[in-house]
Number of protein chains: 2
Amino acid sequence: MTERPTGLREQKKEATRKALREAALRLAIEREPDNVRVDDIAQAAGVSPRTYNNYFPSREHAIVAAVTADRESRVAAAVRARPDARLADAVADAIVDAYTDPGEHGREALLLITTHPALRQTYAETTSSALEGPLATALAERVHADPQTARVLAASVAAAVRIAIEEWARPSGALVVPSGPLPDLLRAALAPLAPALDAVESRATGD
Amino acid sequence: MTERPTGLREQKKEATRKALREAALRLAIEREPDNVRVDDIAQAAGVSPRTYNNYFPSREHAIVAAVTADRESRVAAAVRARPDARLADAVADAIVDAYTDPGEHGREALLLITTHPALRQTYAETTSSALEGPLATALAERVHADPQTARVLAASVAAAVRIAIEEWARPSGALVVPSGPLPDLLRAALAPLAPALDAVESRATGD
DNA sequence: CAGAAACCTTGCGTGCACGCAAGTTTGCGT
DNA sequence: ACGCAAACTTGCGTGCACGCAAGGTTTCTG
């Protein structure tokens, strides 16, 4: 499933992708993100600037990809892994797990993303859109509703996550409340959707 | 509220904006959208190319703005106008009303947007994001929940609308079902969210 | 009504995204 | 082992978004 289809060309591609996102993150940390040209990233990774855009659709994406990794598909897998739990709980737990303590280098990188407006937006955006697809598939399997319903619910969850992340990464001009740690924000944002998840779950079970 | 703050500078600005979006739509219809440069639109509207981007953030936005107009804020107003109806119904009706029969020139323009991938995406995207803010405000007034909850629900509704529009504007390679007219798609996409809207409504009422 | 302040337009320069058409590498069948 | 086809990289060219600063217009203020 997550194995390499053939072997060697795929390795090279993955190596290049990794080199690019790590170079992007490293450069963004040591200089300011604004002072990093895409040419620099490409050069640091040993490829042409044109190739950079074969891997990432924008300058910001490589940087956030260094943090994001494959969280989104792990969320989908975690939801699948608990078919007995209440759906709303399974979703909330999976998301909180995935977005809690993003790892070692993540700490400094997240500060960077939080600080920088363009990165903030790309982060929330890609997180949300990357989550929508896999989660929709997982939901469609889990409840036996039509794909459209699963897609709407997945998109709603993704939107809630995006809002939580935006809230969490807000500049917070010291006037408003710090609005708490990310896990709490995530659960609070997901709470309003619980009735909808419950409904589709019971409807599927009772059907 | 929707009045001009002072007068004359605002008139000129609105005139320019209107000239730009109408020029954009006209050119996009008579040539193909791909054959319309932003320079052409600017010239047709009698402003410099640089000024174009002071009004619209991308080439596609002017075209979809010609169709979109101010639908999104009308949705918010319509929700506010029916404080007695069930929230889920008020939202669904308001949205269906706003997105049904977009007007005269809309017919041809919508075909154009439907046909063209980049326009489709911009259309669904701006529609959704333009809806989220005003609707969140309206919801926050209507139910007396915290703003965060209102925002999540508004974003979910916006996501559902986006999905319905995407589905409706899908190329539909004649293999899948035509998936029906837009109002039906909208109601179907909004249906899964009704429990969440009911819940926040009763919680606010009972509170 | 004159001067100032706010605002808008515009040209210029830069960086970026991407289509296209070579040129090069990898994989596979025979 | 060989050669072809698919896939990847790269340079080039184009169009676009946008920061910046100069100049013009509208609005505000005394």
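**View 1. The start of helix H4 of chain B and the residues it covers.** B:Ser58 caps the N-terminal end of H4(B), with a side-chain oxygen that lies 3.2 Å from the backbone nitrogen of B:Glu60. This is a predicted model, in which local features need pLDDT of at least 70 and side-chain atom pairs count only at pLDDT 80 or more, while totals for chains, interfaces and linings use all residues. Residues are numbered from 1 along each chain as its sequence is written, chains are lettered from A and ligands numbered from 1 in the order in which they are written, and side-chain values use heavy atoms, with hydrogens and water left out. Helix H4 of chain B spans residues 59-68 and is mostly covered, with 8 of its 10 residues buried; helices (H or I, at least four residues) are DSSP runs, numbered from the N terminus, and buried means under 20% relative accessible area, with a 1.4 Å probe and protein chains only. Among the buried residues of H4(B) are B:Ile63, B:Val64 and B:Val67. The buried residues of this helix pack against H1, H3, helix H5 (71-81), helix H7 (106-115) and helix H8 (117-142) of chain B, where contact means heavy atoms within 4.5 Å. After H4(B) comes B:Ala69, whose phi is positive, near 50 degrees.

**View 2. The protein surface around DNA strand C.** Of the 20 residues around DNA strand C, A:Lys12, A:Arg50, A:Ser58, B:Thr51 and B:Tyr55 come nearest; a residue is near a strand if one of its heavy atoms lies within 4 Å of it. Sugar and phosphate account for 65% of the atoms of DNA strand C that come within 4 Å of the protein. Two phosphate contacts can be picked out: a backbone N or O atom of A:Val38 lies 3.2 Å from a phosphate oxygen of the strand, and an N or O atom in the side chain of B:Lys13 is 3.4 Å from a phosphate oxygen. A base is also reached, since a polar side-chain atom of B:Arg50 lies 3.3 Å from a base oxygen of DNA strand C. These are polar contacts, that is, pairs of N or O atoms within 3.5 Å; within protein, one must be able to donate a hydrogen and the other to accept it, and residues adjacent in sequence count only if both atoms are side-chain atoms. Helix H1 (9-30) and helix H3 (49-55) of chain A, together with the helices H1 (9-30) and H3 (49-55) of chain B, each supply at least two residues of this surface, and the largest share, 4 residues, comes from H3(B).

**View 3. The protein surface around DNA strand D.** DNA strand D is surrounded by 20 residues, of which A:Thr51, A:Tyr55, B:Gly7, B:Arg50 and B:Ser58 are the closest. Sugar or phosphate makes up 69% of the atoms of DNA strand D within 4 Å of the protein, and the rest belong to bases. An N or O atom in the side chain of A:Arg50 is 3.4 Å from a base oxygen of DNA strand D, and a polar side-chain atom of B:Arg50 lies 2.5 Å from a base oxygen of this strand. A polar side-chain atom of B:Asn53 lies 3.5 Å from a sugar or linking oxygen. The largest share of the surface near DNA strand D, 4 residues, comes from H3(A).

**View 4. The contact between chain A and chain B.** Chain A gives 21 residues to the contact and chain B gives 21 residues. The area buried between the chains is about 1,700 Å², of which carbon and sulfur atoms give 62%; buried area is the accessible area (1.4 Å probe) that two parts lose on being put together, summed over both. There are 6 salt bridges between chain A and chain B, a salt bridge being a side-chain nitrogen of Lys or Arg within 4 Å of a carboxyl oxygen of Asp or Glu. One of these joins the side chains of B:Arg151 and A:Glu167 (3.9 Å, N to O).

**View 5. Two buried residues, A:Arg162 and B:Ser156.** A:Arg162 is found in helix H9 (residues 147-168) of chain A, and this residue counts as buried because its relative accessibility is 17%. A polar contact of 2.9 Å joins the side chains of A:Arg162 and B:Glu132. B:Ser156 has its place in helix H9 (residues 147-168) of chain B and counts as buried because its relative accessibility is 1%. Not counting residues up to four places away in sequence, B:Ser156 touches A:Ser156, A:Leu193 and B:Leu193.

Definitions and conventions. Buried means under 20% relative accessible area, exposed over 50%, partly exposed in between (1.4 Å probe, protein chains only).
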